[in-house]
Amino acid sequence: MIVFLWGFTAILGKLISANAQVLTFYRMLFAALFLFIFIRFFKKESIKISKKLFIQLSVIGGFMAFHWLCFFYAIKVSNVSIALSCLSLSTLFASILEPIIFKRKIDISEVIMGVVIVICMSLIFKTEFQYKEGIFYGILTALFGTIFSVFNGKIFGKTSSGNIIFYEIFSGFLILTAFFLLTGQIFHLNEISTHDLTLVIILASVFTAFPMLESVNLMKYISPFTLILTVNLEPVYGIILAFFIFGESEEMSPIFYGASLIMILAIIVNGILKSRKKTAVKKVQN
């Protein structure tokens with residue numbers, strides 16, 4: 001359900017005419033506000049955390065902000081299908097980063113799957129070269145998204161999941177504010193229509209605050225790699241929705257769809273193999 005909701009973020013990103021910087025700024029502002037209200041007034045929990053933890057969450061929040069900036073920019077300069085297909089690279093990045101962060105052995109099946117995904121992405125780049133800028137920012141989207149997902153797994157349990165996601169989004173908002181102040185772009189933030197602002201509020205609440213909060217809660221039951229693996233279904237929902245909503249602007253070459261299908265199948269097969277491997281290990285242990 002969470003991934004299905006995330007599938008709409010790209011759709012809303014294209015429907016909102018504001019540029020990527022303004023869109024990300026208001027998304028993080030309203031998402032942080034909704035989370036604060038939910039945590040303090042509905043769950044009535046404390047948001048106090050240590051200074052050390054705040055710094056850690058702020059760094060992760062910075063990667064989250066860059067992830068969303070690159071994602072929306074990729075949509076603006078190319079289309080929804082390109083931006084979403086690049087998210088499949090998250091699995092490759094996770095197969096490299098997670099063993100380093102969690103100090104576990106590299107899984108050869110993850111490496112093989114990563115090679116398959118790189119080959120497919122190379123085919124997409126070759127056939128859809130006119131979208132090279134969108135592909136570049138799409139790759140950065142996958143990288144930054146993987147970094148904050150993996151580090152969320154590392155930091156899980158140090159405070160409530162609500163606090164984790166609130167401080168990450170809030171600190172990401174502060175980082176963007178500082179960036180806009182330093183570059184003088186702060187005065188352009190009022191260049192957003194009422195229609196766009198309404199869509200951003202919907203994006204920040206239904207499609208950001210709620211699923212982000214629940215995704216952190218899922219760390220109780222699944223690993224960051226498994227979460228990222230599941231998130232790779234987002235392109236499936238997003239690309240299908242984009243095709244029906246935007247029509248011709250989302251039509252891609254047969255090679256694009258073939259390569260995307262192979263990437264998604266590789267991810268699903270890897271997930272099935274991992275599940276069977278864990279089941280086999282548990283039987284041996286019992």
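This passage walks through a few local features of the structure, from a loop and its charges to two surface patches and a buried valine. The model is a predicted one, so everything below is read from computed coordinates.

A good place to start is the loop between helix H2 (20-42) and helix H3 (51-77), where Lys 44 sits. The backbone of Lys 44 does something worth a look: its phi is near 55°, a positive value in a residue other than glycine. With a relative accessible area of 68%, Lys 44 is exposed, because the cut-off for that label is over 50%. On either side of Lys 44 in the numbering come Lys 43 and Glu 45, whose side chains meet in a salt bridge, with 3.5 Å from N to O. The count of salt bridges in the model comes to one. Both partners fall in the middle class of exposure: Lys 43 is partly exposed at 44% relative accessible area, and Glu 45 is partly exposed at 27%.

Positive charge also shows up elsewhere on the surface. Lys 52, Lys 103, Lys 154 and Lys 158 gather there in a patch of positive charge. One of these, Lys 154, belongs to helix H7, which covers residues 132-155. Lys 154 has a relative accessibility of 45%, so it counts as partly exposed.

A second surface patch is nonpolar. Its area is about 720 Å², and the residues that make it are Ile 106, Ile 108, Val 111, Ile 112, Val 115, Ile 119, Leu 123 and Ile 255. Helix H6, residues 108-127, gives the most to this patch, with six residues. Ile 119 is a patch member that has its place in helix H6.

Away from the patches, Val 216 offers a look at a covered position. Val 216 lies in helix H9, which runs over residues 194-217. Its relative accessibility is just 3%, and since buried means under 20%, Val 216 counts as buried. Leaving aside residues up to four places away in sequence, Val 216 touches Asn 152, Phe 156, Ser 161, Ile 164 and Ile 165. Among these, Asn 152 falls within the residue range of helix H7. The backbone tells a related story: the C-alpha atoms of Val 216 and Gly 162 are separated by 8.1 Å, although the two residues are 54 apart along the chain.

Terms used. Residues are numbered from 1 along each chain as its sequence is written. This is a predicted model: local features need pLDDT of at least 70, side-chain atom pairs count only at pLDDT 80 or more; totals for chains, interfaces and linings use all residues. Side-chain values use heavy atoms; hydrogens and water are left out. Patches are made of residues with over 30% relative accessible area and no salt bridge: like charges are joined within 9 Å, nonpolar side chains (Val, Leu, Ile, Met, Phe, Trp, Tyr) within 5 Å. Accessible areas come from the Shrake-Rupley method with a 1.4 Å probe; for residues, only the protein chains shown count as cover. A salt bridge is a side-chain nitrogen of Lys or Arg within 4 Å of a carboxyl oxygen of Asp or Glu. Lys and Arg count as positive and Asp and Glu as negative; His and the chain ends are not counted. The place of a charge is taken as NZ of Lys, CZ of Arg, CG of Asp or CD of Glu. Helices (H or I, at least four residues) and strands (E, at least two) are DSSP runs, numbered from the N terminus. Buried means under 20% relative accessible area, exposed over 50%, partly exposed in between (1.4 Å probe, protein chains only). Contact means heavy atoms within 4.5 Å.
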